[in-house]
Amino acid sequence: MPEGTLCNKKPIETEEALKALLADKSGKVYYEEMKSLEIDDKLLWKTIQNTLKSRLRTWLKICAHCGMCADSCFLYLINDRDPKQVPAYKIQATLGEIVRRKGKVDNDFMHMAMETAWAKCTCCNRCGMYCPHGIDMGIMFGYLRGLLYQQGFVPWEMKIGAGMHRVYRAQMDVTDEDFVETFEWMIEEYEDDYPGLEVPVDKEGADIMYTVNAREVKHYPEDLAEAGILFHLAGENWTVPSKGWEQTSLAMFAGDWAACKMQVESVYEAMERLKPKRMVGTECGHAHRATVIEGPYWAGRKNGKPPAESIHYVEWVAEALRTGKLKIDPAKRIKRQVTLQDSCNYIRNNGLKEVTREIMSYMVEPGYFVEMTPNKEHNYCCGGGGGFNGIGIFRPQRNKALITKRDQILNSGAELVIAPCHNCWDAIRDLEEEYKIGIEWSFLKPLLISMVEVPEHLQAKE
Amino acid sequence: MFAFLTGFMLWLSIGICLIGLIVHLVLYVRGLNWQLDRVAYGAYPAQGFKGAVRSIYRWLIPFGNHSWRKQPFMTVIFFGFHVGAVLVPIFLLAHNLILKEKLGFSLFTLNPTVADFLTWAVVISAILLALRRVALPEVRILTTVYDYFILFISTAPFITGLIARYQIGDYSFWLTIHILCGEALLIAIPFTKLSHIILFFASRAQLGMDYAIKRGGMKGKGIAW
């Protein structure tokens, strides 16, 4: 059977196809079909010839096999220094081998490559900082994922995720109506506590256009209310687009580049339509990576920037606290050991290490903030990045990967971990569930709400 | 024979090496693609240049970045090998005498004791690099025969050079072998992984630009390599 009914090379384009794939519990049929999925080696080789240019080609060629990347990889360290987890080995044994064989690889090889690409690398990009030649294997694994996706060798959840973006322009089955209604409903819930609180939808020329993660709409609607409340308290002129509100991209984790382009273009269209001064995205790492850092390139924007200046939520919070738009009640500052999770996607990959620490300086009583080791751009992945959190068949590997972060947190002595990133937040929640180390974890928003001063004119009347 | 090796063959091997390296660099730069690499190289030349220079500089300084500091043994043998491997061939007095004779000028020359020290450092470091490949499982799994071959042809001119310098055995025989090894190395450079002589700079510059332009270099203090 060259192409399965569920597992095949075709992307998910319709709601019907998406539902059929979702109905296959845990991807049982999907993975069964994958066992006999054929490889289109001509397409594979042609794609490589068209897209593997000097950067990747040189990286594959000049790797000195020195092994200096080994210690940089948390998956190598946590898997008892298994030599098969050395980043250079992982990429040479997969992408390197496909190139050497000019695309002529078999089904077993592709299964091995799929496991390597999604369960042995979270695309955290840490190894690239430790290689003398500057070989960034995270980037290469991202590229490999694209090749595997094209051939249909992609974990079930990733295929679904990419399909969601194609069908709904969101990572989950949340429609534009669902988004607006949920946001409005959540704002209504808090109207009495915060007089004048509203969610301006599709307001043109606002200072801020806010974009979110569809999970917030579907599973954590409180987060939407909290965002609205904080903008309200800061006196911001803000809006949300009724279309193009989803900042995330599971398509990026899946390697579905066409879907990545569709997704970011929906956000860029909203920017062009509403002409906000800036876009602020929610507390999500990969969403920022997808829409602000990588997105402009998918959309063919030569200056590498989205149509409007776009910042991460932590940048907005730091600015609001710095300028006094938001004021923290000194009595309510955090007075217990607290640490900060550095998200690979915007700390290592977007230089926001200083602003996050600036936020801590306002929120935490001096003496209570502790760093993990290593930290900032050298921090380890939470253990669930790059889609690892969401892939059922690789759950045992993911749970093992969480031990790195667990031990980093334990060694820091922190009782509370601030994680302004959905993926990191999930991973830390899961590690607490799995290993019960007695810590708490939080996004910034609920903590800020509990400690900011409400200006007199915005206070609720008795 | 000797005249041929220090005449035609010398120019041929140097020519192949230099032209080959230039071709590598030109092809590398031409193959960069802002959209596929997802780096807006052309849009921010000043930031890109600064990032490229920083990325190279940090790695040319022993213990100049987190990676070198994390692996001090490797750092010592890496620089022990590379410093001599780069400086001795270019600045050795004997090599510059040939240069003077052929082209009428010579470069700064190394003090002979320093040159001896650096050459021994190359040979000893090469042995340690080879042993490291055998001893460490994370390096062993990556190592192929080709890696030993590269190490061997890079070190052979230094070993034979030392034999000739201390006049062990037949001086003219070892000198001839030394020149042959050196020329073989020069010719091999563009056709093997030794092309990293230029591609190291290209690749480091690229990643430096990537971080400077796209991955936060324009926000905050930039990456701490």
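**Exercise 1. The sheet of chain A**

In what order do the four strands of the open sheet of chain A stand, and is their pairing parallel or antiparallel?

*Solution.* The model worked on here is a predicted one. Step one is to read the order across the sheet, which is β2-β1-β3-β4 in chain A, and the pairing is parallel. Step two is to look at the edges: β2 (238–239) and β4 (309–311) of chain A each have a single partner strand, so one side of each is left without a neighbour in the sheet. Step three is to follow the pairs. Strands β1(A) and β3(A) run parallel and are joined by four bridges, and within this pair Met209(A) has Met279(A) of β3(A) as its bridge partner. Strand β3(A), which covers residues 278–281, also pairs with β4(A) in the parallel sense, over three bridges, and here Val280(A) is bridged to Ile311(A) of β4(A).

**Exercise 2. A helix on the sheet and the loop that follows**

Find which strands of chain A helix α14 lies across, and then describe Lys275(A), in the loop between α14 and β3 of chain A.

*Solution.* Begin with the helix: α14(A), residues 257–274, lies across β1 (208–211), β2 and β3 of chain A, and its direction makes an angle of about 155° with β1(A). Next, move to the loop between α14 and β3 of chain A, where Lys275(A) is placed. The backbone of Lys275(A) has a positive phi of about 45°, although this residue is not a glycine. Finally, decide on its exposure by counting: Lys275(A) has 13 C-beta neighbours inside 10 Å, and therefore counts as partly exposed.

**Exercise 3. Two domains of chain A**

State how chain A is divided into domains, and work out which elements of domain 1 give two or more residues to the side that touches domain 3.

*Solution.* The domain assignment divides chain A into domain 1 (39–154), domain 2 (170–311) and domain 3 (328–451). The centres of domain 1 and domain 3 of chain A, taken over C-alpha atoms, are 28 Å apart. Contacts link these two domains, with 13 residues of domain 1 of chain A meeting 16 residues of domain 3 of chain A. On the domain 1 side, the elements that give two or more residues are α5 (74–78) and α7 (107–119) of chain A, and α5(A) provides the largest share, four residues. Sorted by character, the residues on this side of domain 1 of chain A are nine nonpolar, three polar and one charged.

**Exercise 4. Where the chains meet**

Determine how many residues of each chain take part in the contacts between chain A and chain B, and then examine Gly216(B), which has contacts in chain A.

*Solution.* Start with the totals: 44 residues of chain A are in contact with 49 residues of chain B. On the side of chain A, α4 (54–62), α6 (87–100), α15 (285–298) and α18 (353–363) each give two or more residues, and the largest share, six residues, comes from α4(A). The residues of this side of chain A divide into 17 nonpolar, 15 polar and 12 charged. Now turn to Gly216(B), which is found in the segment after α12 (196–214) of chain B. With 22 other C-beta atoms within 10 Å, Gly216(B) is buried. Once neighbours within four places in sequence are left aside, the contacts of Gly216(B) are with Asn349(A), Asn350(A), Gly351(A), Leu352(A) and Tyr211(B).

**Exercise 5. Chain B as a whole**

Describe the make-up of chain B in helices and strands, and then locate Gln167(B) in a loop and settle whether this residue is buried or exposed.

*Solution.* First, chain B has 12 helices and zero strands. Secondly, its C-alpha atoms fill a box of roughly 60 × 40 × 35 Å along the principal axes, and of its 225 residues 35% count as buried. Thirdly, among contacts in chain B between residues at least 6 apart in sequence, 66% join residues at least 24 apart. As for Gln167(B), this residue is in the loop between α10 (145–165) and α11 (171–188) of chain B, and its phi is positive, about 55°, although it is not a glycine. A count of 10 other C-beta atoms within 10 Å makes Gln167(B) exposed.

**Exercise 6. Confidence and a cis bond**

Report the confidence scores of the model, and identify the residues joined by a cis peptide bond in chain A.

*Solution.* The model scores ipTM 0.96 and pTM 0.96, while chain B averages a pLDDT of 96, with 100% of its residues scoring at least 70. The cis peptide bond joins Thr373(A) and Pro374(A), with an omega of about -10°, and Pro374(A) lies in the loop between α18 and α19 (395–412) of chain A.

Conventions: Residues are numbered from 1 along each chain as its sequence is written. Chains are lettered from A and ligands numbered from 1 in the order in which they are written. This is a predicted model: local features need pLDDT of at least 70, side-chain atom pairs count only at pLDDT 80 or more; totals for chains, interfaces and linings use all residues. Domain bounds come from an automatic or database domain assignment. Two residues are in contact if their C-beta atoms, placed from the backbone, lie within 7 Å. Ala, Val, Leu, Ile, Met, Phe, Trp, Tyr, Cys and Pro count as nonpolar, Asp, Glu, Lys and Arg as charged, and the others, Gly among them, as polar. pLDDT is the predictor's confidence in each residue, from 0 to 100. Two strands pair if DSSP finds at least two bridges between them. Axes are lines fitted to C-alpha atoms, for helices over the stretch in contact, and angles run from 0 to 180 degrees between N-to-C directions. A residue is buried if 20 or more other C-beta atoms lie within 10 Å of its own, exposed if 12 or fewer, and partly exposed in between; C-beta atoms are placed from the backbone.
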